[in-house]
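This report describes one protein model together with its ligand. Please look through the sequence and the structure before reading on.

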Amino acid sequence: MKTITKCYINSKGGVGKTTSAANCAASLAILGYKILLVDVDSQGNLSKNFGVDKSETTIYDVFMNQPFEVLNVRENIDLIPANLDFSGITLKIQDVLSRELILKRRLTEIQDQYDFVIIDCPPEVSLVTINALACSKYVTIPVEAAQFSLDGIDQMIEFITDVKGAVNEDLEILGILLTKYDEKLKRSKAILREFDNNGWTPALYNTKIRDVTAIADAQFEHKTIFEFNNKSNGAEDYMNFTKECIKKIEQYG
Ligand SMILES: Nc1ncnc2c1ncn2[C@@H]1O[C@H](COP(=O)(O)OP(=O)(O)OP(=O)(O)O)[C@@H](O)[C@H]1O
Ligand SMILES: [Mg+2]
């Protein structure tokens, strides 16, 4: 199977990008796939989620064209970590030729060893997120099931479409993932109506990630939801979401 690269992007913060990247990787690993996780957020939350605080090399070295290592963090999961060193990267790569394609060039060196490469983006629209989109085949937009989260969806779709047109014609939006969803709340129905009114419903994954404390608690303990409680609703939702992704990818052929 050819390596499939997928990124999680939304310029809004705290919507579940990192949680989804981590737990989708964990689900794929359980299903027997080999995963490379790439943290391109200087907050380093994805790295911390897998217990990585310090490392010899990071995503900074990848972007600076320096030698880098991948860390094996779990069975079937390797990671390129990030930390605060990465925060000024956009200025540093400003003068590099084809600066939108740095990550793509560097990942080519190693990606064949993996079934999936999963990239966790920072909450911004920047040269870093353009780099992530430029080397991805698929993108998932996590959206928190809350009113203000809906505001930026059209802009995100426009941004992704612009990047597709400019640097990566293969890029496809695999779907919009509703996170922190509670069907008992009145506002949840209103949110689904908003999706309908805006024409976003066809892009919406059938699986919604329920709002469950186990997900936040797992992250606090630097565990995936499967390590924390594999019988929880969170584990069920992330496994269903991952299977839905695989089905959608198969449909794209
Ligand atoms: N389904 C959920 N139920 C409950 N809590 C959740 C859920 N998904 C995420 N969280 C919690 O919400 C917070 C934000 O999640 P996360 O870090 O994944 O968002 P993010 O989009 O990556 O944020 P940032 O934009 O800062 O990178 C975390 O504390 C996480 O544990
Ligand atoms: Mg994050």
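In this predicted model, 19 residues lie around ligand 1, and those that come nearest are Gly13, Thr18, Thr19, Pro123 and Ala216. Two elements give two or more residues to this shell: helix 1 (17-30) and helix 9 (213-220). By type, the shell around ligand 1 holds nine polar, six nonpolar and four charged residues.

The protein chain as a whole comes next. Eleven helices and seven strands make up its list of elements. The C-alpha trace of the protein chain spans about 50 × 40 × 35 Å along its principal axes. The radius of gyration of the protein chain is 17 Å, which agrees with the value near 18 Å that a compact globule of 253 residues would have. Of those 253 residues, 45% count as buried. Contacts in the protein chain can also be sorted by separation in sequence: among those between residues at least 6 apart, 76% join residues at least 24 apart.

How are the strands of the open sheet ordered? The order is 3-4-2-5-1-6-7, the pairing is mixed, and the sheet has seven strands. Strand 3 (71-74) and strand 7 (172-179) stand at the edges; each has a single partner strand, so one side of each is left without a neighbour in the sheet. On average, neighbouring strands of this sheet are turned by 25° against each other, direction ignored.

Three pairings within the sheet can be set side by side.

| Strand pair | Sense | Bridges |
|---|---|---|
| Strand 2 (35-39) and strand 4 (77-80) | parallel | four bridges |
| Strand 2 and strand 5 (116-120) | parallel | five bridges |
| Strand 3 and strand 4 | antiparallel | three bridges |

Individual residues show how these strands line up. Between strand 2 and strand 4, Ile35 has Ile77 as its bridge partner, and Leu36 has Asp78. Asp78 of strand 4 also stands opposite Asn72. Towards strand 5, Val38 stands opposite Ile119.

Is strand 2 enclosed or open? Five of the five residues of strand 2 are buried, so this strand is largely enclosed by the rest of the structure. Both of its faces are covered: Ile35, Leu37 and Asp39 lie on one side, Leu36 and Val38 lie on the other, and all of them are buried.

Strand 3 and strand 4 form a hairpin with two residues between the strands. Asn76 is found in the loop between these two strands. Its phi is positive, at about 70°, although Asn76 is not a glycine. Most residues other than glycine have a negative phi. With 18 C-beta neighbours inside 10 Å, Asn76 counts as partly exposed, because a residue needs 20 or more to be buried and 12 or fewer to be exposed.

Ser98 is another residue other than glycine with a positive phi, here near 45°. Ser98 is placed in the loop between helix 4 (89-92) and helix 5 (102-108). Is Ser98 buried or exposed? Ser98 counts as exposed, with 10 C-beta neighbours inside 10 Å.

The last residue to look at is Val163, which lies in helix 7 (residues 153-167). Val163 is buried, since 22 other C-beta atoms lie within 10 Å. Which residues is Val163 in contact with, leaving aside its neighbours within four places in sequence? The contacts of Val163 are Ile130, Leu133, Ala134, Asn168 and Leu171. Val163 can also be set against Glu100: the two are 63 residues apart in sequence, and their C-alpha atoms are 9.6 Å apart in space.

How values were computed:
Residues numbered from 1 in each chain as written. Chains lettered and ligands numbered in written order. Predicted model: local features only at pLDDT ≥ 70, side-chain atom pairs only at ≥ 80, totals over all residues. Near = placed C-beta within 6 Å. Nonpolar A, V, L, I, M, F, W, Y, C, P; charged D, E, K, R; others polar. Rg over C-alpha atoms; globule rule 2.2 N^0.38 Å. Contact = placed C-beta atoms within 7 Å. Pairing = 2+ DSSP bridges. Axes fitted to C-alpha atoms, helices over the stretch in contact; angles between N-to-C directions.
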